[in-house]
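Trainee: I should like a close look at the empty spaces in this structure, the pockets and the cavity in particular. Could you take me through what borders each of them?

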Amino acid sequence: MEPAQRIAEVHEYYFSIKLKQIAEMNAAGKKVINLGIGSPDLAPSAETITELATQALRPDVHAYQSYIGIPELREAYANWYLRYYGVTLSAQTEILPLMGSKEGVFHISMAFINPGDKVLIPNPGYPTYSSVSKLVGAELVPYNLDASNNWYPNFQELEANCLEGVKMMWVNYPHMPTGAPASMEVYAQLIAFGKKHNILICNDNPYSFILNPTPLSIMSVPGAKDVAIELNSLSKSHNMAGWRMGMIAGSEAHLAYILRVKSNMDSGMFRPMQSAAAKALTAGPEWFAAINKEYQHRKELALEILELIGTEVDPKQTGMFVWAKISNEWESGEAISEFFLHKANVFITPGHIFGSQGFQYIRLSLCSNLDMLREAKQRILLSIQKSENKN
């Protein structure tokens with residue numbers, strides 16, 4: 001049986017492949033320390049877990065659920081946006097809960113992109129933007145981001161290119177993998193750009209609470225709902241990655257199109273999980289302060305590791321990763337990743353998987369505890385010393 005032609009356009013997700021390799025190494029006794037993937041190792045709040053357990057004991061919560069989420073969850077998302085972003089959203093018409101924001105990338109693309117439509121893709125950027133665009137038959141139009149412009153879009157370059165046929169633009173601030181923080185100036189430029197060229201601006205915003213003192217939303221720009229939608233998630237902000245709890249914020253018209261896709265792809269989320277997510281969203285500033293205190297300690301150790309390797313790090317970056325430029329001693333970020341995976345049993349993400357602009361970069365995740373980071377630092381130091389002694 002031959003697979004669909006669209007499968008030829010994409011490959012297995014890089015981390016899927018790498019995790020299998022790491023599992024094989026662990027099975028062989030290597031005990032690899034994974035500093036690659038941004039999967040929070042901390043737990044959700046105790047109140048969140050208690051709510052899940054309490055609700056799951058009810059006999060009337062195990063049926064299929066609404067495709068648009070329970071009212072309590074939509075209200076909680078609306079209150080969250082108002083409290084932390086200063087954005088007013090209608091819980092009834094401008095919020096759509098999702099089984100994770102990664103799934104939302106597919107829903108949005110299916111809802112708005114026809115084969116042959118062009119999509120602006122950030123380079124570097126989250127690989128799913130490219131793979132999903134290919135799956136729906138879009139023509140990819142990469143736009144380069146670089147450190148000299150703080151990893152923000154260069155609007156002069158964008159305007160100089162032919163934008164005919166461009167229907168959608170993926171943006172992601174705070175940016176992954178570089179950690180570039182969001183900016184109201186850039187958000188305003190993006191909305192103006194989208195309106196000028198009739199391009200749907202899709203902002204992916206799951207990192208705005210991690211080591212970032214000022215959470216921002218593109219939806220706070222006046223008129224944003226006319227031309228933009230925003231994905232958000234509890235995966236990083238509330239340590240609920242495995243729960244698959246995300247959302248889309250946007251106009252009633254935009255969300256109605258997305259719902260046509262979503263309602264044909266899932267049957268709603270387990271109601272107790274939705275109730276627990278609503279509870280999680282009531283967390284106050286003290287929750288985020290405690291989480292960020294831990295991440296800051298981890299970041300300090302990660303910076304020590306990156307200093308050993310001989311990299312440059314922008315101190316302004318935010319989020320649960322550290323993006324670092326490698327020295328000329330190394331051929332590429334991939335060379336560093338492979339060296340330390342096999343010489344130190346430590347996995348570091350090579351920057352090239354996020355696009356060609358990441359070729360000379362690596363990324364460290366802060367989702368390993370302090371003991372693991374200390375052990376990784378020691379392993380890396382020993383592997384460097386052994387390599388120097390051989391030379």
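Mentor: The account below takes the open pockets in turn and then the enclosed cavity. Please keep in mind that the model is a predicted one. Rolling a probe the size of a water molecule over the atoms shows where empty space is left.

Let us begin with the largest pocket, which holds about 730 Å³ of space. Its lining is made up of 30 residues, and those nearest the centre are Pro127, Thr128, Ser130, Ser131 and Ile353. Two or more lining residues come from each of the elements α1 (14-27), α4 (101-112), β3 (118-123), α5 (127-135) and β4 (139-144). Among the contributors, α5 gives the most to the lining of the largest pocket, namely seven residues. Sorted by class, the lining of this pocket comprises 16 nonpolar, nine polar and five charged residues.

The second largest pocket contains about 540 Å³ of space. A total of 27 residues line the second largest pocket, with Tyr13, Gly38, Lys102, Tyr126 and Lys236 closest to its centre. At least two residues of this lining are supplied by each of α1, α4 and α5. These three helices are also listed among the elements that give two or more residues to the lining of the largest pocket. The classes represented around the second largest pocket are 14 nonpolar, eight polar and five charged residues.

We may now turn to enclosed space. When the whole structure is searched, one cavity of 30 Å³ or more is found. The volume of the largest cavity is about 40 Å³. Its lining consists of Pro174, His175, Met176, Pro177, Gly179, Tyr207, Thr318, Gly319, Met320 and Phe321. Six of the residues that line the largest cavity are nonpolar and four are polar, with no charged residue present.

One residue of this lining, Thr318, deserves attention in its own right. Thr318 is placed in the loop that runs between β9 (312-313) and β10 (321-325). Is Thr318 buried or exposed? Thr318 counts as buried because its relative accessibility is 7%, and the cut-off for that class is under 20%. With neighbours within four places in sequence set aside, the contacts of Thr318 are Pro174, Gly179, Pro181, Ile210, Leu211 and Asn212. Of these contacts, Pro174 and Gly179 appear in the lining of the largest cavity together with Thr318.

Note on methods
Residues are numbered from 1 along each chain as its sequence is written. This is a predicted model: local features need pLDDT of at least 70, side-chain atom pairs count only at pLDDT 80 or more; totals for chains, interfaces and linings use all residues. Side-chain values use heavy atoms; hydrogens and water are left out. Helices (H or I, at least four residues) and strands (E, at least two) are DSSP runs, numbered from the N terminus. Buried means under 20% relative accessible area, exposed over 50%, partly exposed in between (1.4 Å probe, protein chains only). Contact means heavy atoms within 4.5 Å. On a 1 Å grid over the protein atoms alone, a cavity is a set of points where a 1.4 Å probe fits but cannot get out, and a pocket is an open set with protein on both sides within 12 Å along at least five of seven lines; lining residues have an atom within 4 Å of a point. Grid points are joined across faces, edges and corners, and a volume is the space filled by probe spheres set on the points. Ala, Val, Leu, Ile, Met, Phe, Trp, Tyr, Cys and Pro count as nonpolar, Asp, Glu, Lys and Arg as charged, and the others, Gly among them, as polar.
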